[in-house]
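Dear colleague,

I am handing over the structure below, together with some notes on what turned up when it was searched. Please read the notes with the structure open beside you.

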Amino acid sequence: MNRLKQINWLKPVTTQWPLMLAYVVMIGWSSVTKNPIPRWFLIFLHAYLVAALVTVTKSRIIKGLAYIVIYWLFLTEIVLEWIFGMSISPNVLVLLAETTGRETTEFFESLLDKPQLWQVVLCGICFVIANVMLEVWRPRINQWVKGWLRVKVLKVIVAVLLVSGLAFSYYYVNLLSCDEMNQVDEWRSHMRNPDDLVTKVLVALWDVRLSEKEIDRVAWQAEHIDVEPQTEADDSLNIIFVIGESFIREHAALYGYPLPTTPFMSTEQQAGRLFVFNDVVSPYNQTTRVLRNLLCTNSLGDGEDWSAFPPLSAVFKKNGFRVSMYDNQKTFDLGRHVFAFSLSTFLYHPRMLEACYQEVCDSTFEYDGELVDYHRRHLPSEPTSRQLIIFHLIGQHVSFRYRYPEGYDYFTADSIRFRQEAWLTDEMKAEIAHYDNATRYNDDVIRQLVSMYQDQNTVMVYLSDHGEEVYDYRDNYGRDDWSMGNEPQQVLRYQYMVPMVVWCSDKYLTLHPEMAELLKQSADKPFMLDNTCHLLFRLANLLTPYYNNRRDILSPDYKCPKRIINDQFDYDEVMANQEM
């Protein structure tokens, strides 16, 4: 009598071992090699359950789907790790949720230019060939396992692995018991907990679920704003808050770049209307995490969570300002609003719409200048006494050549001749030129905005959510070094140091003569973007309990909190190590 029929629970191992081996190697290898003791048992249990499903159903379709999922997760992970220095995580879900159809196309176009892509393809082909060979040999190995002694030994080994795997499964109970995102972060930090690709997906989805609670929390804050009487408010005032995208500070002529990438802003600086801040950093290099803390009234350096404080837009609206949002990165496809991590979900949750804005732009455009034109066409027929207008630009995001229209190609590869590194190719110089053209176009977008309000009582704050890399000091472009890598100072310089300027109309400076001197005196103070709301409150002369003079860069009482990058790196300590 066939002994395998007597031991049915062993059959998945003895008949579907190629599938189990593929699962262990491709899904679990990065996990079991870091901390083998509990993770070996867990990954074996996972593989066994998949093989058991195939064995019980006896379905080739189920088996084929299992292989598809294994390979899809494996190839996704190595693309993220080898090409972008990332991993399957909530941040990746954020990027997926925020990415529009246009950006997806541009992403795949840029991916084809990555030399590592072909290494990924070759790796995938090798694994497929090995898998096919194992499936071909499977019947022969199955016959060999049928020996009585071999079955007994295998039974003991498999039983130990399965029982141990079931015992260590309580780690998942601990994960699903987390009710705050910081608890998930702590769970993830323990090396004994599983870290295979399937678990990474589970952790990311659980993080997303918990973030829904945070959305509800911040929406409640937005709906319950404390208001103080305004005693010295301007009768008519325009506050324009422009959030740029992926602006490398080092590529701005304002900060010493050798090419004229910011002609308008440089002219306004010389005229005494534009003030440049020289020591500003972003807490993250990912848009959603930056904007949550930029647009809320918390301070990361003081350990405050963004969702426990109201958005600055809600504070302005509750205090009588007309608040408008013009977002050129908004995702309008409701089918994409799967993840609460998504920036669009945070900004445009129905409760947030009611509490934060009077007007929200209903379109996105290929170029930021078209967004400004849209705003010009929709200006109120009657002047508004006090208003806050927020612009979220697409700026220099990703494929730089698509960020400016025809007529703005001022720079070419020949313009980058001041760069003499031996590794820098003509193609790389051309990409740098595209970025610099996009930066110059961004400067013209600011010019167009200013032209609409220059004769009114207006103050504008422009900053970028984070930086980028475009072959600045190594063969790399984009934002793919979340751990700071081997050159943390350089990563901080290009991906986290950002431009920030304040522009004031002549009328605003006349009404507030002290402001020019305050802005000049504050130019070199250290600052992080999460405290921008206090600068806006000060410029608007807005009396509110959410204003904190210790966080206001213009205040003599200002004291910069610790500037923590990615929730773990002290920016000033890292940069100080460079100087030692």
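A nonpolar patch, as the word is used here, is made of residues that have over 30% relative accessible area and no salt bridge, with nonpolar side chains joined within 5 Å. Please keep in mind throughout that this is a predicted model.

With that definition, a nonpolar patch is found on the surface, formed by Leu-112, Trp-118, Val-121, Ile-125, Val-128, Ile-129, Val-132, Met-133, Val-136, Trp-137, Ile-141 and Trp-144, which together have about 1200 Å² of accessible area. One of these residues, Trp-118, is found in helix 8, and with a relative accessible area of 51% Trp-118 counts as exposed, because the term is used for values over 50%.

Helix 8, which covers residues 116-145, also holds Glu-135 and Arg-138, and because these two are three residues apart in the helix, about one helical turn separates them. Their side chains meet in a salt bridge, with 2.9 Å from N to O, and the same two residues are linked with Lys-63 in a network of salt bridges.

In the whole structure, the search finds 23 salt bridges, and two others may be worth a look. In one of them, Arg-273 is paired with Glu-268, where the closest N and O atoms are 2.7 Å apart; Glu-268 is buried, its relative accessible area being 7%. In the other, Glu-359 is paired with Arg-322, and here the closest N and O atoms are 3.3 Å apart. Since Glu-359 belongs to strand 5 (residues 359-360) and Arg-322 to strand 4 (residues 322-327), this pair ties together parts that are 37 residues apart in sequence. As for the surroundings of the two partners, Glu-359 counts as buried at 16% relative accessibility, whereas Arg-322, at 25%, counts as partly exposed.

Lastly, how many disulfides does a search of the whole structure find? The search finds zero. Cys-296, for instance, is in no disulfide, and the nearest cysteine sulfur, which belongs to Cys-356, is 8.2 Å away; a disulfide would need the two sulfur atoms to be within 2.5 Å. Cys-296 is buried, with a relative accessible area of 0%, and Cys-504 likewise counts as buried at 0% relative accessibility.

With best wishes

Conventions
Residues numbered from 1 in each chain as written. Predicted model: local features only at pLDDT ≥ 70, side-chain atom pairs only at ≥ 80, totals over all residues. Heavy atoms only, no water. Buried < 20%, exposed > 50% of the residue type's maximum accessible area, 1.4 Å probe, protein only. Salt bridge = Lys/Arg side-chain N within 4 Å of Asp/Glu carboxyl O. Helix = DSSP H or I, 4+ residues; strand = E, 2+ residues; numbered from the N terminus. Patch = residues over 30% accessible without salt bridge, like charges linked within 9 Å, V, L, I, M, F, W, Y side chains within 5 Å. Areas by Shrake-Rupley, 256 points an atom, 1.4 Å probe, with all protein chains shown as cover.
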